[in-house]
Amino acid sequence: MKFGVIGAGQMGGGIAQVAAQSGFDVVVQDVKQEFLDRGRAVIEKSLAKLHEKGRLTDTPDVILGRMEFTTDLNAFADCDLVVEAIVENEGVKADLFRQLGQIVKPDGILASNTSSIPITALASASGRPERFIGMHFMNPVPLMQLVEVIRGYSTSDETAQFVTQTAERMGKTPLACNDFPGFVSNRILMPMLNEAIQCVMEGVAEPEAIDGIMKLGMNHPMGPLTLADFIGLDTCLAIMEVLHRGLGDDKYRPSPLLRKMVQAGLLGRKSGQGFYTY
Ligand code: CAA
Ligand code: NAD
């Protein structure tokens, strides 16, 4: 099977890596060579770590040998499945799927790793809504078990079955849900992160204390502010905006502090500064 991934950021790189670990031939595309180089370096580091722990069936070199890095969208023409993992913006994703619908072979399946954007709207843009689906991996992809599988209004049973089986072949556990804003994962997770940010803004406690309370008190592996920094504050804001607009309830209103930090370019781990310094 030929597996395509669009975007060599933290999610796209992770999805491409796990697909190659699972034996698929993988093509990864991004808009600039420097983004591909950065993505490849992250993959190399992760593979080295997993190899050291004996968690790979092939050597990192063999796995990397299955991967092709390109800036050319036409490289997806003969892919059986293409998973998109670019910026969390409906207009940008819809434009991309309009182009991909013309490039990828007619029986190829298109999937989005979106955190929150309506699958049905992206499916319409692609021009092949029955062969379109949400395939939502969790960060960090090499370590996290879940793939949330989201059917759009017109997704066919064959497409859902193919993507479910592919997730299983990647060693993941696929769980199905329907197309509502934020699906299940982010409808439940993101308001908690937003509330933690609101606690910082209102001076309820220092960031370290908020994270410590949730880690030690609720047994969460990361505190909510550490997790928001890890996901990317730009992505958190984009998801909160989809929830707020899509569900129409003020309980999903993005914290003004979150908005301000994104405006200031403090995006968390990826920019070197968020609630913490990296
Ligand atoms: N590849 C390979 N190895 C990795 C890795 C990667 N990408 N990331 C971390 N590791 C390794 C570390 O190097 C470390 O190795 P050593 O033990 O040899 O030092 C090991 O994994 C454990 O990592 P840490 O010690 O740093 O930390 P940890 O034990 O807390 O585990 C974690 C890391 C699995 C990420 C854990 O902190 C965790 O589960 N955090 C929460 C993650 C989460 O909630 N993800 C979902 C985010 S929401 C989402 O994804 C959806 C969305 O749409 C926004
Ligand atoms: P990121 O900023 O790390 O990476 C995005 C990558 O996409 C960048 O390398 C960028 O250059 C590239 N890109 C942007 N526009 C492009 C285009 N038109 N064509 C090709 N490449 C393009 O972002 P990320 O955290 O990897 O998130 C990507 C997607 O995955 C988003 O939809 C996000 O909501 C979703 N997601 C994120 C997480 C997370 O924890 N960060 C978890 C699950 C899902």
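Which residues does the UniProt annotation "domain: 3-hydroxyacyl-CoA dehydrogenase C-terminal" cover? According to the unreviewed entry, this annotation covers residues 182-278. The legends below describe close-up views of a predicted model.

**Figure 1. The annotated C-terminal domain, residues 182-278.** The domain annotation comes from an unreviewed UniProt entry. Over residues 182-278 the chain is 63% helix and 0% strand. The C-alpha atoms at the two ends of this stretch are 28 Å apart.

**Figure 2. Packing of helix α7 (residues 185-202) on helix α9 (residues 224-231).** The two axes come within 9 Å and cross at roughly 115°. The helices α7 and α9 are therefore roughly perpendicular to each other. Their crossing is left-handed. On the α7 side, M192, L193, A196 and I197 take part in the contact, and they meet P224, L225, L227 and A228 of α9. By class, the residues of this contact are 8 nonpolar, no polar and no charged.

**Figure 3. Packing of helix α7 on helix α10 (residues 233-247).** The axes of α7 and α10 are 10 Å apart, and the packing angle is about 115°. Here too a left-handed crossing is found, with α7 passing α10. From α7, the residues N186, R187, M190, L193 and N194 meet C236, I239, M240 and L243 of α10. The contact of α7 with α10 has 6 nonpolar, 2 polar and 1 charged residues.

**Figure 4. Surroundings of S115, a residue in the loop between β5 (109-112) and α5 (119-126).** In the unreviewed UniProt entry, one "binding site" annotation covers S46, K53 and S115. These residues span 70 residues in sequence, and the farthest two C-alpha atoms are 30.2 Å apart, so they do not all gather at one spot. S115 counts as buried because 24 C-beta neighbours lie inside 10 Å. Leaving out residues up to four places away in sequence, S115 touches E88, H136, N186, T235 and I239.

**Figure 5. Surroundings of K53, in the loop between α2 (33-52) and α3 (60-65).** K53 is covered by the "binding site" annotation that also covers S46 and S115, again from the unreviewed UniProt entry. K53 has 8 C-beta neighbours inside 10 Å and therefore counts as exposed.

**Figure 6. M11 and E88, two residues of a further "binding site" annotation.** The unreviewed UniProt entry gives this annotation for G7, A8, G9, Q10, M11, G12, D30, E88, K93, S115, N139 and K270. M11 lies in helix α1 (residues 10-21) and counts as buried, with 25 C-beta neighbours inside 10 Å. Not counting residues up to four places away in sequence, M11 touches A85, N113, F137, N139 and V141. E88 lies in the loop between β4 (81-84) and α4 (90-103). With 21 other C-beta atoms within 10 Å, E88 is buried. Apart from neighbours within four places in sequence, E88 is in contact with T114, S115, S116, I117, T235, A238 and I239.

**Figure 7. The cis peptide bond from N139 to P140.** Omega of this bond is near 0°. P140 lies in the loop between β6 (132-137) and β7 (146-151). N139 is among the residues covered by the "binding site" annotation that includes M11 and E88, as recorded in the unreviewed UniProt entry. M11 touches N139.

**Figure 8. Positive phi values at F183 and N219, shown in two panels.** Phi of F183 is near 55°, a positive value in a residue other than glycine. F183 is placed in the loop between β8 (173-178) and α7, and is buried, with 21 other C-beta atoms within 10 Å. Phi of N219 is near 60°, likewise positive in a residue other than glycine. The place of N219 is in the loop between α8 (207-218) and α9. N219 is exposed, having 7 other C-beta atoms within 10 Å.

**Figure 9. E158 in helix α6 (residues 157-169).** E158 counts as exposed, with 12 C-beta neighbours inside 10 Å. The C-alpha atoms of E158 and R131 are separated by 8.3 Å, and these residues are 27 residues apart along the chain.

Conventions
Residues are numbered from 1 along each chain as its sequence is written. Chains are lettered from A and ligands numbered from 1 in the order in which they are written. This is a predicted model: local features need pLDDT of at least 70, side-chain atom pairs count only at pLDDT 80 or more; totals for chains, interfaces and linings use all residues. UniProt positions are given in the numbering used here, feature names are shortened, and annotations may be inferred rather than shown by experiment. Helices (H or I, at least four residues) and strands (E, at least two) are DSSP runs, numbered from the N terminus. A residue is buried if 20 or more other C-beta atoms lie within 10 Å of its own, exposed if 12 or fewer, and partly exposed in between; C-beta atoms are placed from the backbone. Two residues are in contact if their C-beta atoms, placed from the backbone, lie within 7 Å. Axes are lines fitted to C-alpha atoms, for helices over the stretch in contact, and angles run from 0 to 180 degrees between N-to-C directions. Angles under 35 degrees count as roughly parallel, over 145 as roughly antiparallel, 65 to 115 as roughly perpendicular and the rest as oblique. A crossing is left-handed if the near helix is turned anticlockwise from the far one by less than a right angle, and right-handed if clockwise. Ala, Val, Leu, Ile, Met, Phe, Trp, Tyr, Cys and Pro count as nonpolar, Asp, Glu, Lys and Arg as charged, and the others, Gly among them, as polar.
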